[in-house]
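Colleague: Got a minute to go through this one with me? I'd like to poke around the inside before the surface.

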Amino acid sequence: QVQLVESGGGLVQAGGSLRLSCTSSIRTYSLYSMGWFRQAPGKEREFVAGVGWNGESSRYADSVKGRFTISKDNSKNTVYLQMGSLKPEDTAVYYCAASPSLSPITGQRGYGYWGPGTQVTVSS
């Protein structure tokens with residue numbers, strides 16, 4: 001069974017930084033694009049960032065552009081989300097997901113595998 005596991009979440013003050021990691025057991029991991037989504041209390045799950053299979057293409061939600069950076073290390077079966085200049089509105093459970101699409105996509109239904117999530121809390 002394919003397993004994705006996020007790590008790196010925690011409590012941080014506004015303006016601070018965190019790096020989330022997601023390690024996957026997918027056998028052909030290098031051929032998957034990866035994405036990060038988040039869900040805040042009372043809100044729908046939303047796209048945050050995505051990266052293509054080879055790590056050369058990426059896209060971001062407007063709310064995180066310039067603050068977050070997604071990267072993919074195929075040698076380690078790991079995708080990262082470097083988060084900087086964090087704001088209280090970034091507080092959410094963050095999920096990583098894998099898609100058979102070679103290019104990054106934003107729709108939840110395009111992702112076949114999901115991790116259990118990691119909590120990020122940003123205090124004001």
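Colleague: Quick one to start: is C22 buried or exposed?
Modeller: Buried, because its relative accessibility is 0%. Keep in mind that this is a predicted model.

Colleague: Fair enough. And what does C22 form with C96?
Modeller: A disulfide, with the two sulfur atoms 1.8 Å apart. The structure holds one disulfide. C22 sits in strand β3 and C96 in strand β9, so to speak distant parts of the chain, 74 residues apart.Colleague: What about C96, buried or exposed?
Modeller: C96 counts as buried because it has 0% relative accessibility.

Colleague: OK, on to the core. How many residues does the largest nonpolar core have?
Modeller: It has 28 residues. Those with the most contacts inside it are W36, V48, F68, V79, L81, M83 and Y94.

Colleague: Which strands supply at least two residues each?
Modeller: That would be β3 (18-24), β4 (33-39), β5 (46-51), β7 (68-73), β8 (78-83), β9 (92-99) and β11 (118-123). The most comes from β9, which gives four residues.

Colleague: You mentioned F68. What does F68 touch?
Modeller: Leaving out residues up to four places away in sequence, F68 touches R38, V48, Y60, L81, Q82, M83, G84, L86, D90 and Y94.

Colleague: And which residues make up the covered face of β7?
Modeller: F68, I70 and K72 are on the covered face, while T69, S71 and D73 are on the uncovered one. That fits the general pattern: in a regular strand, side chains alternate between the two faces of the sheet.

Colleague: In what sense do β7 and β8 pair?
Modeller: Antiparallel, over six bridges. Within that pairing, K72 stands opposite V79 in β8. The hairpin of β7 and β8 has four residues between the strands, and N77 takes a positive phi near 50 degrees there.

Colleague: Back to K72 for a second. Which ring does K72 lie over?
Modeller: The ring of Y29: K72 lies over its face, at 4.2 Å from the ring centre. There's another charge over a ring, with the charged end of R45 sitting over Y95, 4.5 Å from the ring centre.

Colleague: Nice. What else is K72 in contact with around the loop between β3 and β4, say S30?
Modeller: S30 is in contact with W53, K72 and N74, leaving aside its neighbours within four places in sequence. S30 is found in the loop between β3 and β4, and it counts as partly exposed because its relative accessibility is 31%.

Colleague: How are S30 and N74 placed along the chain and in space?
Modeller: They're 44 residues apart along the chain, with their C-alpha atoms separated by 5.3 Å.

Colleague: Switching to aromatics. How many aromatic pairs does the structure hold?
Modeller: Five. One of them is Y32 with Y113: the ring centres are 6.3 Å apart and the planes are at 55 degrees, so the pair is tilted. Y32 is in the loop between β3 and β4 and Y113 is in strand β10 (residues 113-114), 81 residues apart.

Colleague: Is Y32 buried or exposed?
Modeller: Y32 counts as buried, because its relative accessibility is 16% and the cut-off for buried is under 20%. Y113 is partly exposed, with a relative accessible area of 32%.

Colleague: And what about F37 and W114, how far apart are the centres of their rings?
Modeller: 5.0 Å, with the planes at 55 degrees, so that pair is tilted too. F37 is in strand β4 and W114 in strand β10, 77 residues apart. F37 is buried because its relative accessibility is 1%, whereas W114 counts as partly exposed at 27%.

Colleague: Which residues form one aromatic cluster with F37?
Modeller: F47, Y111 and W114 join F37 in it.

Colleague: Last one, out on the surface. Where is the place of K43?
Modeller: K43 is in the loop between β4 and β5. It counts as exposed because its relative accessibility is 55%.

Colleague: How far is K43 from T106?
Modeller: The two are 63 residues apart in sequence and 17 Å apart in space, C-alpha to C-alpha.

How values were computed: Residues numbered from 1 in each chain as written. Predicted model: local features only at pLDDT ≥ 70, side-chain atom pairs only at ≥ 80, totals over all residues. Heavy atoms only, no water. Core = buried A, V, L, I, M, F, W, Y, C linked by side-chain atoms within 4.5 Å. Buried < 20%, exposed > 50% of the residue type's maximum accessible area, 1.4 Å probe, protein only. Contact = heavy atoms within 4.5 Å. Disulfide = S-S within 2.5 Å. Pairing = 2+ DSSP bridges. Phe/Tyr/Trp six-rings, centres within 6.5 Å; stacked < 30°, edge-to-face > 60°. Lys NZ or Arg CZ within 6 Å of the ring centre and 35° of its normal.
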